[in-house]
Amino acid sequence: MTHRLEDVISLFDGLFKQRFDTRLVRGGDEPLYLPADEESPWHRVIFARGFYASALHEISHWCIAGNRRRLLVDYGYWYHPDGRSAEQQRSFESAEVAPQALEMLFSRACGLRFHVSVDNLGGEADVDRDAFQARVAARAARYEREGLPSRAAAFHAALKAFYQQRASVERAIAHGLEAMDQAMPAASHACLPS
């Protein structure tokens with residue numbers, strides 16, 4: 001199965017460009033989320049170095065971010081690079097469980113192997129990758145039982161339609177939009193940005 005960046009970009013933009021004024025953008029060395037500004041009328045989910053897995057991970061963060069967070073650079077979150085202390089690593093892992101659980105589900109939907117990221121190769125803290133993997137898997141199972149957030153449900157449905165059912169990009173987007181409409185309470189449609 002081929003995983004082309006053009007396909008994931010087309011699926012994301014087809015689902016979210018109009019409803020959320022948001023696009024998926026191939027970036028440089030570091031991922032970044034940028035809200036619309038004088039340089040761009042679009043909010044931008046920028047993934048690193050053209051890596052498919054980075055795109056899925058950054059989309060996962062966007063799918064969880066609320067309205068106010070999506071108006072802030074990198075959703076207003078802190079980030080400590082490699083070399084985190086044990087306390088900083090615990091905070092990082094707590095913040096990463098939900099997005100990595102979505103990333104796990106997205107990876108499965110398109111037939112990719114998922115690897116958790118503890119992202120602290122040079123840190124002081126001992127990292128228990130297996131324990132973190134178990135927390136991520138448990139959260140993914142909870143999403144499957146209780147339902148995904150509406151944007152995540154849309155993207156997940158589009159990935160499944162495209163990769164598992166071999167639907168066209170257009171049909172996969174339509175399938176994702178249907179899933180979003182079903183997952184989103186009717187009252188919240190009025191709150192969507194144009």
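Let me begin with the buried residues of helix α6, which are Val169, Ala172, Ile173, Gly176, Ala179 and Met180. Around the helix axis they cover an arc of only 120°, which means that they lie on the same side of α6. I should say at once that the model is a predicted one.

What do the buried residues of α6 pack against? Their partners are α1, residues 5–20, and α5. On the face turned away from this buried side, α6 carries the exposed residues Glu170 and Gln182.

As to its dimensions, α6 has 15 residues. From its first C-alpha to its last it reaches 21 Å, close to the 21 Å expected at 1.5 Å a residue.

One residue of this helix deserves separate mention. Arginine 171 is found in α6, which runs over residues 169–183. Is arginine 171 buried, exposed or partly exposed? Its relative accessibility is 41%, and because buried means under 20% and exposed means over 50%, arginine 171 counts as partly exposed. Arginine 171 and leucine 11 stand 160 residues apart along the chain, yet their C-alpha atoms are separated by 9.9 Å.

I turn now to α5, residues 150–164, one of the two packing partners of α6 that I named. How many of the 15 residues of α5 are buried? The count is 13, so this helix is largely enclosed by the rest of the structure. The length of α5 also agrees with expectation, because its 15 residues should span 21 Å at 1.5 Å a residue and its end C-alpha atoms are 20 Å apart. Just after α5 comes arginine 166, which takes a positive phi of about 60°.

Let me close with the chain as a whole. Its secondary structure comes to six helices and three strands. Along the sequence these elements follow the pattern α-β-β-β-α-α-α-α-α. The protein chain has 194 residues, of which 45% count as buried. The area that the chain exposes is about 10200 Å², and carbon and sulfur atoms supply 50% of that area.

Finally, the contacts. If we take those between residues at least 6 apart in sequence, 63% join residues at least 24 apart. The packing of the buried residues of α6 against α1 and α5 is the part of the picture with which I began, and I would ask you to view it in the structure above, together with the exposed Glu170 and Gln182 on the face turned away.

Conventions: Residues numbered from 1 in each chain as written. Predicted model: local features only at pLDDT ≥ 70, side-chain atom pairs only at ≥ 80, totals over all residues. Heavy atoms only, no water. Helix = DSSP H or I, 4+ residues; strand = E, 2+ residues; numbered from the N terminus. Buried < 20%, exposed > 50% of the residue type's maximum accessible area, 1.4 Å probe, protein only. Expected span 1.5 Å × (residues − 1). Arc of directions from axis to C-beta. Contact = heavy atoms within 4.5 Å. Areas by Shrake-Rupley, 256 points an atom, 1.4 Å probe, with all protein chains shown as cover.
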